[in-house]
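Here are my notes on the model, set out as numbered points for a reader who is new to reading structures. Please keep the display open while going through them.

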Amino acid sequence: MRSVLTLIANPETRKLSAEDLDAVRRAVPEAGAPAWLHEDVACDLLVDIAPAELHAIEAAARAALDGLPIDVVAQGTDHRRKALLVADMDSTVIEQECIDELAAEAGIGAHVAEITERAMRGELAFEPALRERVKLLEGLPEAKLEQVFETRITLSPGIRTVTDTMRLNGAYCALVSGGFTFFTARVAVKAGFDINRANTLELKDGHLTGQVIDPILGRAAKLESLEEFAAEKSLTLESTMAVGDGANDLAMIEAAGIGVAYHAKPVVAQAAPARIDHTDLTTLLYMQGYARDEFAGA
């Protein structure tokens, strides 16, 4: 099987060097000559191995890099460029958790953030944890949602380059979140997604009622969305990519052609086929074999 080992560095903290590549090639003798996707930043090494060996060569490459802040991805080369991206929003496409930011406005930020963290680590069931946190926001004025979006929410580095590049190459990009439609509708426009799905906060007389309108979009619904969008586009799951950071993203991450844990909770990073620990979201493009000069706007 033709496979590829991709190494990606964050140029703001450390360049990818020839010495790094030599260390990996000594640890993975099956690896071929380097093919640079972006000089000093991202490089492919083609490897002829069986699929069962992908995990082993990735582990060997990581060990050879000895803790250096370089991301490593091992995968097959078939269907490498994806036609569908399904992405989580909070702490993935944006740098914040919207519910935590709303709670901060309500003066209960630390308490809600603790529940969020436990839910994202998989220590709490998603749906009851969501309902518990939303209940604590009862009475918050709707105007605070707009204020939070305008003053507290920022896109994760690289996401607009990812969506612009993939859409330019015919892919479909979906934002599917366990958060709230108030934010996904706005973030989807700002970040370049074709469609968005999330939970809906109930409002009455311009204030949150503390309720979420059923049905809850959680782990199962994220997987269903991935499968639905793939079917609509007549795609196999091998042609899809999913990315997220929390436990409620795991089902879609495990089902996608390549599932990616992005600066994720340990339970997600350990289970995901690929992970981004050190670099930004443009690594999603390098994973697909895009060279830097193929990026939108390059």
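1. In which loop is His-79 found? His-79 is found in the loop between β4 and β5, and this residue has a positive phi of about 55 degrees although it is not a glycine. The names of the elements follow one rule, in which helices (H or I, at least four residues) and strands (E, at least two) are DSSP runs numbered from the N terminus.

2. Before going further, please note that this is a predicted model, in which local features need pLDDT of at least 70 and side-chain atom pairs count only at pLDDT 80 or more, while totals for chains, interfaces and linings use all residues. Residues are numbered from 1 along each chain as its sequence is written, and side-chain values use heavy atoms, with hydrogens and water left out.

3. As for the overall form, the secondary structure comes to 13 helices and 11 strands, and the C-alpha trace spans about 65 × 40 × 35 Å along its principal axes. The protein has a radius of gyration of 20 Å, which agrees with the value near 19 Å that a compact globule of 298 residues would have; the radius is taken over C-alpha atoms, and the globule rule is 2.2 Å times the number of residues to the power 0.38.

4. One open sheet has 4 strands in the order β2-β3-β1-β4, with antiparallel pairing, where two strands pair if DSSP finds at least two bridges between them. Its edge strands are β2 (31-38) and β4, each of which pairs on one side only. Neighbouring strands of this sheet are turned by 20 degrees against each other on average, direction ignored; axes are lines fitted to C-alpha atoms, for helices over the stretch in contact, and angles run from 0 to 180 degrees between N-to-C directions. Within the sheet, β1 and β4 pair in the antiparallel sense over 7 bridges, and Thr-6 has Val-73 in β4 as its bridge partner.

5. Two helices pack on this sheet, with contact taken as heavy atoms within 4.5 Å. Helix α1 (residues 18-27) touches β1, β2, β3 (42-48) and β4, and its direction makes about 145 degrees with that of β2. Helix α2 touches β1, β3 and β4, and the direction of α2 makes about 160 degrees with that of β4.

6. Another open sheet has 7 strands in the order β8-β7-β6-β5-β9-β10-β11, with mixed pairing. The edge strands here are β8 (207-213) and β11, each pairing on one side only, and neighbouring strands are turned by 25 degrees against each other on average, direction ignored. Helix α6 (residues 126-135) packs on this sheet and touches β6, β7 (195-204) and β8, with its direction at about 170 degrees to that of β8.

7. The mixed pairing can be followed in particular strands. Strand β5 (residues 84-87) and strand β6 (residues 172-180) pair in the parallel sense over 4 bridges, and Leu-85 stands opposite Cys-173 in β6. By contrast, β7 and β8 pair in the antiparallel sense over 4 bridges, with Ile-213 in β8 as the bridge partner of Thr-200.

8. Two details of the backbone around β8 deserve a careful look. The hairpin of β7 and β8 has 2 residues between the strands, and in this hairpin Asp-205 takes a positive phi near 55 degrees. The peptide bond from Asp-214 to Pro-215 is cis, with omega near 0 degrees, and Pro-215 lies in the loop between β8 and α10 (219-232).

9. What volume does the largest cavity have? The largest cavity has a volume of about 150 Å³, and of the 17 residues that line this cavity, the closest to its centre are Asp-90, Glu-97, Phe-126, Gly-178 and Gly-179. On a 1 Å grid over the protein atoms alone, a cavity is a set of points where a 1.4 Å probe fits but cannot get out, and lining residues have an atom within 4 Å of a point; points are joined across faces, edges and corners, and a volume is the space filled by probe spheres set on the points. The largest share of the lining, 4 residues, comes from β6.

How values were computed: On a 1 Å grid over the protein atoms alone, a cavity is a set of points where a 1.4 Å probe fits but cannot get out, and a pocket is an open set with protein on both sides within 12 Å along at least five of seven lines; lining residues have an atom within 4 Å of a point.
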